[in-house]
Amino acid sequence: MKIGIIGAGQIGASLTRHYAKAGHKVKVTNASGIEKLRGLESETGAKAVLQGDVVNDVDALIISIPFIEIPRLAKALGHSIAANTIIIDTTNYYPIRDGRIEEIEKGMVESVWVSNHLSRTVVKVYNSILAGSLVQAGLPKGSKNRIALPVSGDIEKSKEAIASLVNDSGFDSLDIGKLSDSWRQQPGAPIYCTDLNLSQLKHNLDRAQIDTLPARRDLALQFILKQDSARWLDWWKECVSNNRVVNETDLGK
Ligand SMILES: NC(=O)c1ccc[n+]([C@@H]2O[C@H](COP(=O)([O-])OP(=O)(O)OC[C@H]3O[C@@H](n4cnc5c(N)ncnc54)[C@H](OP(=O)(O)O)[C@@H]3O)[C@@H](O)[C@H]2O)c1
């Protein structure tokens with residue numbers, strides 16, 4: 001597949017590595033200048049490009065930037081994304097980082113807000129796995145306890161294509177419904193960053209309660225705020241354990 005990635009941080013750079021390794025043709029961009037991406041480029045063979053270029057001639061476009069940057073990105077991109085390019089949204093709303101967004105506070109589903117700004121539908125995936133798990137916990141297809149990621153979106157064919165990409169990055173996937181259902185994979189849900197296998201993911205999906213998400217999100221965040229953010233590869237497993245407790249995830253047997 002030809003893949004464009006906007007954002008080369010913890011998630012964007014990790015996906016760049018996975019996809020390039022799996023043989024996909026990857027282009028990647030950031031906010032502060034692509035000179036910063038030369039190391040990633042020579043490590044992976046992905047191409048660092050300007051934002052105007054990243055959308056050209058790609059089958060899938062991954063958006064992995066801070067949530068609050070979405071309106072600015074949408075304005076910059078205008079109508080430049082081809083109609084047949086699948087847009088993947090990995091973002092999450094954290095008011096402590098993004099500021100308060102009234103529409104979300106009033107209950108708008110996060111990826112619906114993203115989709116409204118882009119004036120395009122999106123597939124939501126990779127928002128519910130920590131960067132540490134993305135880097136270190138992938139397994140070959142068929143492995144026992146392979147982590148499974150929820151995928152939401154309104155176009156069946158797009159979700160099928162993205163399931164194949166998720167597999168290439170080391171994870172199973174589960175179609176959990178429409179974009180309007182994607183609140184079930186938002187921060188504070190039992191399946192959010194709790195590293196579940198496929199049967200655990202299915203089991204916990206319907207245990208999500210929309211009205212408890214913000215409180216659980218903020219409670220889980222207390223753990224992260226105490227950590228050294230630069231050393232995220234050192235504490236992601238503890239973070240997963242904390243999320244399982246706070247989000248009341250049932251691990252079963
Ligand atoms: N980290 C996680 O464990 C995790 C897990 C799941 C989901 N997420 C979500 O995924 C998204 C990305 O997270 P992250 O941790 O990878 O973030 P990050 O490490 O802070 O990286 C953000 C990237 O976005 C780029 N960027 C910012 N604004 C941009 C813009 N307007 N146009 C183009 N690029 C822009 C930044 O460029 P510069 O480097 O040039 O500043 C940077 O490369 C967030 O919404 C986050 O909530 C994160």
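Colleague: In this predicted model, which side chain has an N or O atom 3.0 Å from a nitrogen atom of the ligand?

Modeller: That side chain belongs to Gln10, whose N or O atom is 3.0 Å from the ligand nitrogen. The ligand's oxygen atoms can be read in the same manner. A polar side-chain atom of Arg97 lies 3.1 Å from a ligand oxygen, and for Lys36 the corresponding distance to a ligand oxygen is 3.4 Å.

Colleague: How much of the ligand's area does the protein bury?

Modeller: The ligand exposes 910 Å² when taken alone, and the protein buries 81% of that.

Colleague: Where does the ligand sit, and which residues come nearest?

Modeller: The ligand occupies the largest pocket. Around the ligand are 25 residues, of which Ala8, Ile11, Ser32, Ile65 and Ala131 come nearest.

Colleague: How should the nonpolar residues be read?

Modeller: As a general idea, nonpolar side chains in soluble globular proteins tend to be buried together. Here the largest nonpolar core has 48 residues, and the members touching the most others are Ile5, Leu15, Tyr19, Val125, Tyr126, Leu149 and Ile162. A second core of 22 residues lies apart from that one and includes Leu61, Ile81, Ile87 and Leu179.

Colleague: Which residues does Ile162 contact, leaving aside neighbours within four places in sequence?

Modeller: With those neighbours set aside, Ile162 is in contact with Ile86, Ile88, Val123 and Val125. Val125 is itself among the core members that touch the most others.

Key
Residues are numbered from 1 along each chain as its sequence is written. This is a predicted model: local features need pLDDT of at least 70, side-chain atom pairs count only at pLDDT 80 or more; totals for chains, interfaces and linings use all residues. Side-chain values use heavy atoms; hydrogens and water are left out. A nonpolar core is a set of buried Ala, Val, Leu, Ile, Met, Phe, Trp, Tyr and Cys residues joined through side-chain atoms within 4.5 Å. Buried means under 20% relative accessible area, exposed over 50%, partly exposed in between (1.4 Å probe, protein chains only). Contact means heavy atoms within 4.5 Å. A residue is near a molecule or strand if one of its heavy atoms lies within 4 Å of it. A polar contact is a pair of N or O atoms within 3.5 Å; within protein, one must be able to donate a hydrogen and the other to accept it, and residues adjacent in sequence count only if both atoms are side-chain atoms. Accessible areas come from the Shrake-Rupley method with a 1.4 Å probe; for residues, only the protein chains shown count as cover. On a 1 Å grid over the protein atoms alone, a cavity is a set of points where a 1.4 Å probe fits but cannot get out, and a pocket is an open set with protein on both sides within 12 Å along at least five of seven lines; lining residues have an atom within 4 Å of a point. A molecule sits in a cavity or pocket if more than half of its atoms lie within 2 Å of its grid points.
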